Amino acid sequence: MGTTVSKKKKEQMREHAKKVLELLVEEYTEEYRCYLNHENAWQLLFATILSAQCTDARVNIVTADLFQKYRSVEAFAAADLSELEEDIRPTGFYHNKAKNIIGCARMLLEKHGGEVPDTIEELTELPGVGRKTANVIRGNIYHQPSIVVDTHVKRISKKLGFTKEEDPEKIEFALMEILPEEYWILYNIHIIQLGRTICTARSPKCGECFLKDVCPSRGMK
């Protein structure tokens with residue numbers, strides 16, 4: 001899927017990726033963490049839906065009250081649409097998000113006994129759930145190797161020379177080709193941290209970056 005890469009070029013990219021991953025682990029360790037607060041699978045699912053075009057920090061503020069008010073999938077399924085819209089308004093795009101969360105909760109009850117499924121196919125059938133959200137669930141809840149292409153992963157993967165693709169799904173498959181499977185989840189975690197602190201979108205701190213010696217885009221915005 002996406003741009004065809006020669007076998008030799010792919011091997012070179014894998015060697016480059018290996019160096020990058022070693023430096024990421026050296027800097028950030030191999031600790032697994034999720035930036036969205038949750039206590040179970042459905043909370044993470046709904047929090048991830050809310051996180052579209054919104055910061056994790058703001059989502060965590062909203063869900064602190066939201067998950068106290070709606071304590072189960074059943075509660076979300078029975079929620080009043082207008083009321084839920086107001087509850088999640090600070091996350092933006094609240095009309096669609098509220099509609100999707102209620103629809104998602106109802107489908108979980110009707111098709112999955114209230115449990116969040118673990119396959120990409122079943123997850124992406126849920127309202128408001130694309131590959132990114134599905135992979136967040138697969139990686140963080142079910143510990144299945146998965147690559148989440150958020151804005152940080154998309155931007156920094158291109159800067160690192162791992163892909164030239166623009167489409168998130170094509171980027172996901174391109175990264176799957178060159179990153180060892182056991183590092184897929186860690187890569188997500190590390191790149192988000194890097195994108196928030198050093199390799200920021202507006203003013204990347206290339207001089208301070210521990211990847212500067214292996215980054216082909218160093219010094220470029």
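This report describes the nonpolar cores, a helix pair, an enclosed helix and several single residues of a predicted model.

**The nonpolar cores**

In soluble globular proteins, nonpolar side chains tend to be buried together. In this model the largest nonpolar core holds 37 residues, and the members that touch the most other members are Leu45, Phe46, Phe76 and Leu84. At least two residues of this core come from each of helix H2 (41–50), helix H3 (56–69), helix H4 (73–77), helix H5 (81–88), helix H6 (94–112), helix H7 (120–123) and helix H8 (131–140). The helix that gives the most to this core is H2, with eight residues.

Leu84 can serve as an example of how a core member is surrounded. When its neighbours within four places in sequence are left aside, Leu84 is in contact with Leu66, Tyr70, Phe76, Ala98, Ile101 and Ile102. There is also a second, separate core of 27 residues, and among its members are Met13, Ile147, Tyr187 and Val214.

**How H2 and H3 pack**

Two packed helices are described by the angle between their axes and the distance between the axes. For H2 and H3, the angle is about 135 degrees and the axes are 10 Å apart. An angle between 115 and 145 degrees falls in the oblique class, and H2 and H3 are therefore oblique to each other. The crossing of H2 and H3 is right-handed.

On the side of H2, the contact is made by Trp42, Gln43, Phe46, Ala47 and Leu50, while H3 contributes Val59, Thr63, Leu66 and Phe67. The residues of this contact between H2 and H3 divide into seven nonpolar, two polar and no charged.

**An enclosed helix**

Is H8 largely enclosed or open, and why? Seven of the ten residues of H8 are buried, so H8 is largely enclosed by the rest of the structure. The buried residues of H8 are Thr133, Ala134, Asn135, Val136, Ile137, Arg138 and Gly139. What covers them includes H2, H7, helix H10 (168–178) and helix H11 (184–197).

**Four residues and their surroundings**

The table sets out the relative accessible area of four residues, which can be read with the rule that a residue is exposed over 50%, buried under 20% and partly exposed in between.

| Residue | Location | Relative accessible area | Class |
|---|---|---|---|
| Thr29 | loop between H1 (7–28) and H2 | 41% | partly exposed |
| Gly130 | loop between H7 and H8 | 33% | partly exposed |
| His143 | loop between H8 and H9 | 63% | exposed |
| Lys154 | helix H9 (residues 151–159) | 27% | partly exposed |

Two of these residues can also be described by their backbone angle phi. Most residues other than glycine have a negative phi, and most peptide bonds are trans. Thr29 is a residue other than glycine, yet its phi is positive, near 65 degrees. His143 likewise is not a glycine and has a positive phi, of about 55 degrees.

For Lys154 and Gly130, separations along the chain can be set beside separations in space. Lys154 and Ala98 are 56 residues apart in sequence, and from C-alpha to C-alpha they are 27 Å apart in space. Gly130 and Pro90 are 40 residues apart in sequence and, again from C-alpha to C-alpha, 22 Å apart in space. Not counting residues up to four places away in sequence, Lys154 touches Val149, Glu166 and Ile171.

Terms used
Residues numbered from 1 in each chain as written. Predicted model: local features only at pLDDT ≥ 70, side-chain atom pairs only at ≥ 80, totals over all residues. Heavy atoms only, no water. Core = buried A, V, L, I, M, F, W, Y, C linked by side-chain atoms within 4.5 Å. Buried < 20%, exposed > 50% of the residue type's maximum accessible area, 1.4 Å probe, protein only. Helix = DSSP H or I, 4+ residues; strand = E, 2+ residues; numbered from the N terminus. Contact = heavy atoms within 4.5 Å. Axes fitted to C-alpha atoms, helices over the stretch in contact; angles between N-to-C directions. Parallel < 35°, antiparallel > 145°, perpendicular 65-115°, else oblique. Left-handed = near helix turned anticlockwise from the far one by under 90°. Nonpolar A, V, L, I, M, F, W, Y, C, P; charged D, E, K, R; others polar.
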